[in-house]
Amino acid sequence: MNDKLPKLQPVSILIVTYNRVKMLEKTIQYINDRTFYPFRIIVVDNCSTDGTMDYLKRAKVVGKIFDIVCMPENLGQSQAI
């Protein structure tokens, strides 16, 4: 790699979710498999009750996502962002 090229700064990818664990898994896998620019996935969970938090904790441990924000109640997409 050429040391004279600027180091690319990662972009943040924000995902807001509520009770869509299967779709979230597919989305995160898709991003990880197909994105070559440096990135960080940050997931905002809007107080899901379908096992989303368990999945997100595992995904963070293995490096599939960068961070998790857990809302205390479902505030809707616009407030979660």
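**Exercise 1.** Which unit do S2, helix H2 and S3 make?

*Solution.* The model is predicted: local features need pLDDT of at least 70, side-chain atom pairs count only at pLDDT 80 or more, and totals for chains, interfaces and linings use all residues. Residues are numbered from 1 along each chain as its sequence is written, and side-chain values use heavy atoms, with hydrogens and water left out.

Step 1. Locate the elements, which are DSSP runs numbered from the N terminus (helices: H or I, at least four residues; strands: E, at least two). Strand S2 covers residues 39–45 and strand S3 residues 67–70, while helix H2 covers residues 52–61.

Step 2. Check the pairing, which requires that DSSP finds at least two bridges between two strands. S2 and S3 pair in the parallel sense over 4 bridges. Asp45, for example, has Cys70 in S3 as its bridge partner.

Step 3. Name the unit. S2, H2 and S3 form a right-handed β-α-β unit. Right-handed means that, with the strands pointing away from the viewer, the path from the first strand over the helix to the second runs clockwise.

Step 4. Place the unit in the chain. The chain has 3 helices and 3 strands, in the pattern β-α-β-α-β-α along the sequence.

**Exercise 2.** Describe the surroundings of Asn74.

*Solution.* Step 1. Asn74 lies in the loop between S3 and helix H3 (77–80).

Step 2. Asn74 has a relative accessible area of 40%. Buried means under 20%, exposed over 50%, and partly exposed in between (1.4 Å probe, protein chains only). Asn74 is therefore partly exposed.

Step 3. List the contacts (heavy atoms within 4.5 Å). Apart from neighbours within four places in sequence, Asn74 touches Tyr18, Asn46 and Cys47.

Step 4. Look for polar contacts (a pair of N or O atoms within 3.5 Å; within protein, one must be able to donate a hydrogen and the other to accept it, and residues adjacent in sequence count only if both atoms are side-chain atoms). The side chains of Asn74 and Asn46 make one at 3.4 Å. The Asn74 side chain also reaches the backbone nitrogen of Gly76 at 3.0 Å.

**Exercise 3.** How many residues has the largest nonpolar core, and which helix gives the most to it?

*Solution.* Step 1. A nonpolar core is a set of buried Ala, Val, Leu, Ile, Met, Phe, Trp, Tyr and Cys residues joined through side-chain atoms within 4.5 Å. The largest one has 12 residues, among them Ile31, Ile41 and Tyr55.

Step 2. Helix H1 (21–34), S2 and H2 each supply at least two of these residues. H1 gives the most, with 4 residues.
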